[in-house]
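Here is a set of short exercises to work through with the model open beside you. Try each task on your own before you read its solution.

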Amino acid sequence: MMTIRKDEMNDNTVFRLNHYDKAKPFSDFLPGIAGADGIPMWTFFVNRAQCVCSFGVENKDGAILEFMPANKAYQTVGQTGFRTFLGFGKEHTELFTDADSEKTLISDRESLTITERATGAFEASVTYVQLAQEDFPALLRRLTVKNISDRRVRVSCADGLAQMLPLGAKYEVVKNVTNLMSAYSTAELVNGAVLFRHEYTTADVAEVKKNRGGNFYTADAKGISPHYIYDPDVIFGGDLSLREARGFYGTTFDALCAQKQSLVFKLPCAFALYDFELAPGESFEIDSAIGAVTDIARLEDVERITHAPGFFDAKRKLMQTVVDDVLESMGSRTADKTLDAYFKQSFFDNVLRGGMPKKTDGGVSYLYARKHGDLEREYNWFTIPAQKNSCGNGNFRDVCQNRRNDIFFFPFVGTHNIELFYALLQADGYNPLVVEPDGSALFSEGYWSDHFVYPLDLLENYLRVYPETREDVLLGSRAYTYFDSGVYVLPQSERLERTEKGIRSYRSIVRNRPEGVLKGPDGNPVRVTLLTKLYGLALVKSSMLDPACSGIEMDGGKPGWNDSLNGLPGLNGSSVPEAIGLYRLIGFLLSEAAFMDEVELLSEHATLFSKIANVTVSDRYKRSLAAREELRLALLPGRSRGTVRADARALRAFFADVNRCIAAALSEAKREAGGIYPTFFVWKLTDGRREGEIDFAKLTRCRVGMPLFLEGAAKGLLLDEREEGAAMHERVLRSELYDRHLGVYKTGVSLETQTPDIGRVRIFSAGLYERESCFVHLHYKYILGLLEAGHYELFYHDIKTALVCLMDPAVYGRNSLQNSSFIVSSASSDPMLWGRGFQPRLSGANAELLSMYVLMFAGPVLFTYNCGVLRFTFAPALHRDLFDERHEASALLFNCRITYVNPSRVNTYDADAAVTAIEILTDAGKKTISGASLWGADAEALRNGTFEEIRVMIEKKA
């Protein structure tokens, strides 16, 4: 049975899984953080054998236990992973392998524990936790063996790793040439630990270097050092499959210790050998540490630290403190304890993907972020730098999304992320993919059509907290540069080709210069205000609207977030959500920059504007296409002519016309699609010929509809008036976009009518990955859209089945406090998979849930600024069932506990509910304010984190 237990003493949540070895297989990980002063490592586990199946330092090149994809980890964890062999008298056993024994898995945020009550004489437990706040990385492990028989027994124990990779064993080598690698491997006893390494570098290059460091294994049992075994033949006696410990079972403890060890043509193991007596009810503990040092001289310190009395317990508590420090800025207290725990877990996982900000002398830096690359997403190359203040790289969209709510929990981040992500936007409207911890970036591959949308979330959320800085943010700093990937989009004359399937766009981009920043005529980086970048971005994206104004064209070679629709750019596809994103951006400019008479533009953007403004409807597309191609050619040298002044009123008139065009086009597209906003179109290009060179003068484009995907509806909810939005929602519920069996939303409807040309999404089995599954991030985007559009009753009705934390863990197949990337829908041909979650934790779904949290507990507006006065208005959207027996529901925002008191138990969003009073609790006493708002200094104090608690009274109107 899977259960989730809330420990009220430490506000932590424990996931408990009985008979874990018989449950649905899943993978998970320890957090991969070690505190600001610690050196982190990565650790993955599965619910089989002794669970931990892969761990190491930095990335897959630093594996200590080989990185395995999930499906292989399930097979190998019981062989190459941690093993425990016991010999007592003439009997012997291996712990955690008895199919009939009762085994339990218990995981919380910082550690993993497994227990076994064996059918024989022993019960055992193993606990794993990562080392925190030390200058070397290590996985700590405690084995506890208890004698549950009624007699004293003498036990020989071999406990450790069946296969230990030496330092220097690169990922490619481990996967492809392990036989050769075994000839390089060495193991030696150094300062009471075993050191594993390739003594010298083995790459086929002229310079050979000595490896100064190594991977280590050390163990301790209440001050008693073990006899170490690194030769697998000593334990397995020639069983190369590593299934049976023939060597251990076939001889005595003393004979084992006397055996000579050799690593010739063998990969090493790492076992601690002990011999002990246990009285009935007595236990024996072995604490071990497996990690890496950059210099073998450090092993003396490793031994001193890891063998100190009480080391394991102290470090486990310290790791819990590190995790608690991450969580101290966020948390709700409602009648639904599962939901409270879920918010915290999602916040924690959001930090692991987007990072946790901290103040520095230079401003703001981030800790802990990393690109996902877990066992079920083995295709990504993750990096967790082995250094203090560790923070890995990530993809533009991922990092931007998972930082969008930081301003509500860490107001000190200010404009840091706005400056970072808008500086990475290029003058051609695209951006690099990989964002490094220091703010630098790498192009990596392709230009995704949706990336330009996400930084606007950062800007809008910032202005919800600091509205009085609007003009300063937009115009106060000329620090914004334009990233230059050195990769440009080919003109259609070079991009389009005639194929046997028609005219396609299979070659989109080419590199012609190194990465850098756009230079001005003086050779220095062009520096502009944020408003200049926003106007330029809106102009470029306006020129990329498809012929119907219904979508943004995918001419950069990549689709939007749904990577598996990789064929759409080749089919000359366009995307509706990006057109809605442009509509939002233009709406922002029309409202936030309405005070401007004149605006600075990049010279090339001003030229673009002159060519796409004041054109007829029939000429719009051709003129826009030509103008954006001329823009790209002008930017080809990586230089600009500088900036010019432009008429802001003319720009606003143009943008208002663009938005009217988009709104009309989307309304018509929605009507044609049966009342639900479509998401994608493909465009059939013809020139009247079947062969030969393309006649571009006669090229025509015909829009072809695609099956419905959920994203168009999710983004479209904010376009519709309330009644029409509710009507579209009803149509969604009646469509194939809704999985009635599971009560969740699917990524899209059936793709059976589509060819594989649209991408690998068509090749996936139905119900898996992006094909007709419940892709949780998109599923949550839709639910968040209901909340943002004010459909509160629909939102609360949906989340009863839609939130992962409220799903049955036995069906979900893993800890239901942790989000997955996708849940198998009932479109799958295998009913046994329906409702199963895959690809755990590091998901954009966490960001969507945090947006729900802010809207639920604070409302859509937050701070406003009028006539020189700052104001904060409490407008929560809380269902009456969330209030506990004291009629209270609370949440942390801006480091303040905001508690709503609702004795009438009304829905706070109902028309007859009202905030009647606010109580500010300070050391000096209580201050009561009538109404729903804080004004002036009180509003500023809330934003600055000065208040510890505010109580807000809600009453039913008479």
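**Exercise 1. The ends of helix H20**

Find the side chain that reaches to a backbone nitrogen at the start of H20, then look at the backbone just after the helix.

*Solution.* Bear in mind that this is a predicted model.
- Step 1: Go to the start of H20, where a side-chain oxygen of Asp647 comes to within 2.9 Å of the backbone nitrogen of Arg649.
- Step 2: Follow the helix, residues 648–672, to its other end. Just after H20, Gly674 adopts a positive phi of about 85°.
- Step 3: Check the span. H20 has 25 residues, and the distance from its first C-alpha to its last is 36 Å, close to the 36 Å expected at 1.5 Å a residue.

**Exercise 2. The covered residues of H20**

Work out which residues of H20 are buried, and relate their spacing to helix geometry.

*Solution.*
- Step 1: List the buried positions of H20: Ala648, Leu651, Arg652, Phe654, Phe655, Val658, Asn659, Ile662, Ala665, Leu666, Ala669 and Lys670.
- Step 2: Recall the geometry. An α-helix has 3.6 residues a turn, so residues three or four places apart point the same way.
- Step 3: Read the list again with that spacing in mind; Leu651, Phe655, Asn659 and Ile662 are among the buried residues.

**Exercise 3. A buried lysine**

Is Lys670 buried or exposed, and which side chain does its own side chain meet in a polar contact?

*Solution.*
- Step 1: Place the residue: Lys670 belongs to helix H20.
- Step 2: Read its accessibility. The relative accessible area of Lys670 is 6%, under the 20% cut-off, so this lysine is buried.
- Step 3: Look for a polar partner. The side chains of Lys670 and Asp720 are joined by a polar contact of 2.9 Å.
- Step 4: Add the surroundings. Leaving aside residues up to four places away in sequence, Lys670 touches Gly675, Ile676, Tyr677, Pro678, Asp720, Glu724, Met728 and Arg731.

**Exercise 4. Cysteines with and without a partner**

How many disulfides does a search of the whole structure find, and which cysteines are joined?

*Solution.*
- Step 1: Count. The search of the whole structure turns up one disulfide.
- Step 2: Name the pair: Cys549 is joined to Cys661, with an S to S distance of 2.2 Å.
- Step 3: Find the handedness. The torsion about the S-S bond of Cys549 and Cys661 is about 115°, so the disulfide is right-handed.
- Step 4: Locate both ends. Cys549 sits in the loop between helix H16 (530–542) and strand S32 (552–553), while Cys661 is in helix H20, so the pair ties together parts that are 112 residues apart in sequence.
- Step 5: Compare the accessibility values. Cys549 is buried at 1% relative accessible area, whereas Cys661 is partly exposed at 27%.
- Step 6: Turn to two cysteines outside the bond. Cys51 is in no disulfide, and the nearest cysteine sulfur, that of Cys53, lies 8.8 Å away. Cys51 is buried, at 0% relative accessibility.
- Step 7: Do likewise for Cys400, which is in no disulfide; the nearest cysteine sulfur, that of Cys391, is 15 Å away. Cys400 also counts as buried, at 0% relative accessibility.

**Exercise 5. Strand S16 and its partners**

How many residues of S16 are buried, and in which sense does S16 pair with S15 and with S19?

*Solution.*
- Step 1: Check the burial of S16 (residues 214–220): seven of its seven residues are buried.
- Step 2: Sort them by direction. Gly214, Phe216, Thr218 and Asp220 point one way, Asn215, Tyr217 and Ala219 the other way, and all are buried.
- Step 3: Take strand S15 (residues 193–198). Three bridges join S15 to S16, and the two run antiparallel; Leu195 stands opposite Phe216.
- Step 4: Take strand S19 (residues 283–293). S16 and S19 pair in the antiparallel sense over seven bridges, with Asn215 opposite Ala292.

**Exercise 6. An open sheet**

What is the order of the strands in the open sheet of five strands, and which are the edge strands?

*Solution.*
- Step 1: Trace the order S8-S7-S13-S18-S17, with antiparallel pairing.
- Step 2: Mark the edges, S8 (91–94) and S17 (227–229), each of which pairs on one side only.
- Step 3: Note the twist, which averages 20° from one strand to the next.
- Step 4: Inspect one pair. S17 is joined to S18 (residues 270–278) by three bridges, running antiparallel, and the bridge partner of Ile229 in S18 is Phe271.

Key:
Residues are numbered from 1 along each chain as its sequence is written. This is a predicted model: local features need pLDDT of at least 70, side-chain atom pairs count only at pLDDT 80 or more; totals for chains, interfaces and linings use all residues. Side-chain values use heavy atoms; hydrogens and water are left out. Helices (H or I, at least four residues) and strands (E, at least two) are DSSP runs, numbered from the N terminus. Buried means under 20% relative accessible area, exposed over 50%, partly exposed in between (1.4 Å probe, protein chains only). A polar contact is a pair of N or O atoms within 3.5 Å; within protein, one must be able to donate a hydrogen and the other to accept it, and residues adjacent in sequence count only if both atoms are side-chain atoms. Contact means heavy atoms within 4.5 Å. A disulfide is a pair of cysteine sulfur atoms within 2.5 Å. The expected span of a helix is 1.5 Å times one less than its number of residues. Two strands pair if DSSP finds at least two bridges between them. Axes are lines fitted to C-alpha atoms, for helices over the stretch in contact, and angles run from 0 to 180 degrees between N-to-C directions.
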